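Please open the model in your viewer and keep the selection panel at hand. The stops below are meant to be taken in order, each beginning with something to select.

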Amino acid sequence: MFTQQKLKQDATIFLSIVLTLVTLGIIFVYSSSSFYALEKFGSPLYYVQRQCIGIGVGACLFYLAYNIPLTTINYTSFFLFISSLLLTALPLISQLTKRMHGSSRWVNLFGFIFQPSEILKITTIIYVASFLSRKQDQRESFARGYLPLLLMSSFIGAILLKQPDFGCTVTILATVFIMIFIAKMNMRYLMILTGIAIPLASIIIYLQPYRWKRILIYLDPWKDPQGAGFQVIQSLIAIGSGGWLGNGIAQSKQKFFYLPMQHTDFIFAIIAEEIGFIGTSFLITLFILFLYFGFKISWSLKNLFAIYLVQGLTILVTLQALINIFVATGLAPTKGIGLPFISYGNTALACNMMIAGFILNAAHDYYE
């Protein structure tokens, strides 16, 4: 009874964290995009209105994820994964592609534009959680324990890199790697795969000039301050000018066409400029608490599939937040990954709210 009560409290805190992040997203999408939206579309509310639509869609997906029985999710995990993998391949068909920023990650179906890879992130974690929960007695077997996951990762990488979406590939495969480690699969095989994956990733980066250029710019953005290094430098200027307390909400100067993608991939820099070190520390603390309470919920569960599902989804969101913040602060090469619940992007926002629904579903399923 005590465990159930504690789990209820943890679930309530977790939901409060998510709602706080979504609320901050509304505030800072408006703050960072208002001038750009006014210039481009004639309305400062253009992006924040669409962000609210994304929240509405996300609320529906949250409700769906919260109410679907976990047994149903477990049994249909392979079907969900294959369906989303095929959906993610649709941008490779030129007639269905909506190109943005040089990538073909978006699908345009009857005027409805969305990013299928965001759905693939969730279904991959669902499938891996189901697989790991079923293969506990085969953790030492390469053919039955590792090979299926290796093949799955190869298909994901092949489709996403073709679009190209290296950032999403890294995020998904890194999450899968951590889940395999948590499940205590054979460490020898894991080390061998790591030894293969690192050189392979290096080759993939080197063979694409724009990826290799990102690495060089990451190492020294001031080599090309008016070109490839411009975005990172402007991001660092925004963060540095925020100081301890910031310049005030809606008082950013870098959003006036100095910092590109200020309401999406680099929204953290605008947040730092407006609410300073103290404000961004609060934001980072929210993501740390998201990680902590996500895992705390999982530690209270008894169903192995639910445990791996909650841990995998928690890692996925936290890892994306970490990468986004690292990119904005110049600690990692640019990846094209938004800040979860905060950055503008309806598909990502709706899917992140769906992730929260799955995590709370697992908690609710235990104490119901």
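A residue is called buried when its relative accessible area is under 20%, exposed when that area is over 50%, and partly exposed in between. Bear in mind throughout that this is a predicted model.

**Two loop residues with positive phi**

Start by selecting Met 261, which lies in the loop between H10 and H11. Its relative accessibility is 23%, so Met 261 counts as partly exposed. The backbone deserves a look too, since phi of Met 261 is near 55°, a positive value in a residue that is not glycine. Most residues other than glycine have a negative phi. Now add Ala 250, located in the loop between helix H10 (230-242) and H11, where phi is again positive, near 75°. With a relative accessible area of 35%, Ala 250 is partly exposed.

**Helix H7 and the residue after it**

Select residues 166-182, which make up helix H7. The 17 residues of this helix should span 24 Å at 1.5 Å a residue, and because the end C-alpha atoms are 24 Å apart, the two values agree. Colouring by accessibility will pick out a series of buried residues in H7, among them Phe 166, Cys 168, Ile 172, Val 176, Met 179 and Ile 180. Beyond H7, stop at Lys 184, which has a positive phi near 60°.

**Helix H2 and its two sides**

Move next to helix H2, residues 46-67. H2 contains 22 residues and reaches 32 Å from its first C-alpha to its last, close to the 32 Å expected at 1.5 Å a residue. Which residues of H2 are buried? They are Tyr 47, Val 48, Gln 51, Gly 54, Ile 55, Gly 58, Phe 62 and Ala 65. These residues cover an arc of only 115° around the axis, and therefore lie on the same side of H2. Turn the helix about its axis to find Ile 53, Cys 60 and Tyr 63, which are exposed on the other side of H2.

**Aromatic rings**

Show the side chains of Phe, Tyr and Trp, among which 15 aromatic pairs are counted. Centre the view on Phe 14 and Phe 290, whose rings form a tilted pair, 4.8 Å centre to centre with 40° between the planes. Since Phe 14 lies in helix H1 (residues 2-41) and Phe 290 in helix H11 (residues 267-299), this pair ties together parts that are 276 residues apart in sequence. Phe 14 is buried, at 0% relative accessibility, and Phe 290 is likewise buried, with a relative accessible area of 0%.

Then select Tyr 47 and Tyr 344, whose ring centres are 4.9 Å apart and whose planes stand at 80°, so that the pair is edge-to-face. This pair also links distant parts of the chain, as Tyr 47 is in H2 and Tyr 344 in the loop between helix H12 (304-328) and helix H13 (346-367), 297 residues apart. Tyr 47 has 8% relative accessibility and counts as buried. Widening the selection to Tyr 36, Phe 41 and Tyr 46 completes a cluster that ring pairs link together with Tyr 47 and Tyr 344. Before leaving, display Arg 50, whose charged end sits over the ring of Tyr 46, 3.7 Å from the ring centre.

**The largest nonpolar core**

Which residues touch the most other members of the largest nonpolar core? Of its 89 residues, Phe 14, Leu 132, Leu 283, Leu 339 and Ile 342 do so. The largest share of this core, 15 residues, comes from H12.

Select Leu 283 first; apart from neighbours within four places in sequence, Leu 283 is in contact with Leu 21, Leu 24, Phe 268, Ile 271, Leu 339 and Ile 342. From there go to Leu 339, in the loop between H12 and H13, which is buried with a relative accessible area of 2%. Not counting residues up to four places away in sequence, Leu 339 touches Ile 267, Phe 268, Leu 283, Phe 287, Ala 321, Asn 324 and Ile 325.

**A last stop in the loop**

Finish at Thr 334, which lies in the loop between H12 and H13. Leaving out residues up to four places away in sequence, Thr 334 touches Arg 214, Val 232, Phe 266 and Val 327. Thr 334 and Phe 277 are 57 residues apart in sequence, and their C-alpha atoms are 22 Å apart in space.

Conventions
Residues numbered from 1 in each chain as written. Predicted model: local features only at pLDDT ≥ 70, side-chain atom pairs only at ≥ 80, totals over all residues. Heavy atoms only, no water. Phe/Tyr/Trp six-rings, centres within 6.5 Å; stacked < 30°, edge-to-face > 60°. Helix = DSSP H or I, 4+ residues; strand = E, 2+ residues; numbered from the N terminus. Buried < 20%, exposed > 50% of the residue type's maximum accessible area, 1.4 Å probe, protein only. Lys NZ or Arg CZ within 6 Å of the ring centre and 35° of its normal. Expected span 1.5 Å × (residues − 1). Arc of directions from axis to C-beta. Core = buried A, V, L, I, M, F, W, Y, C linked by side-chain atoms within 4.5 Å. Contact = heavy atoms within 4.5 Å.
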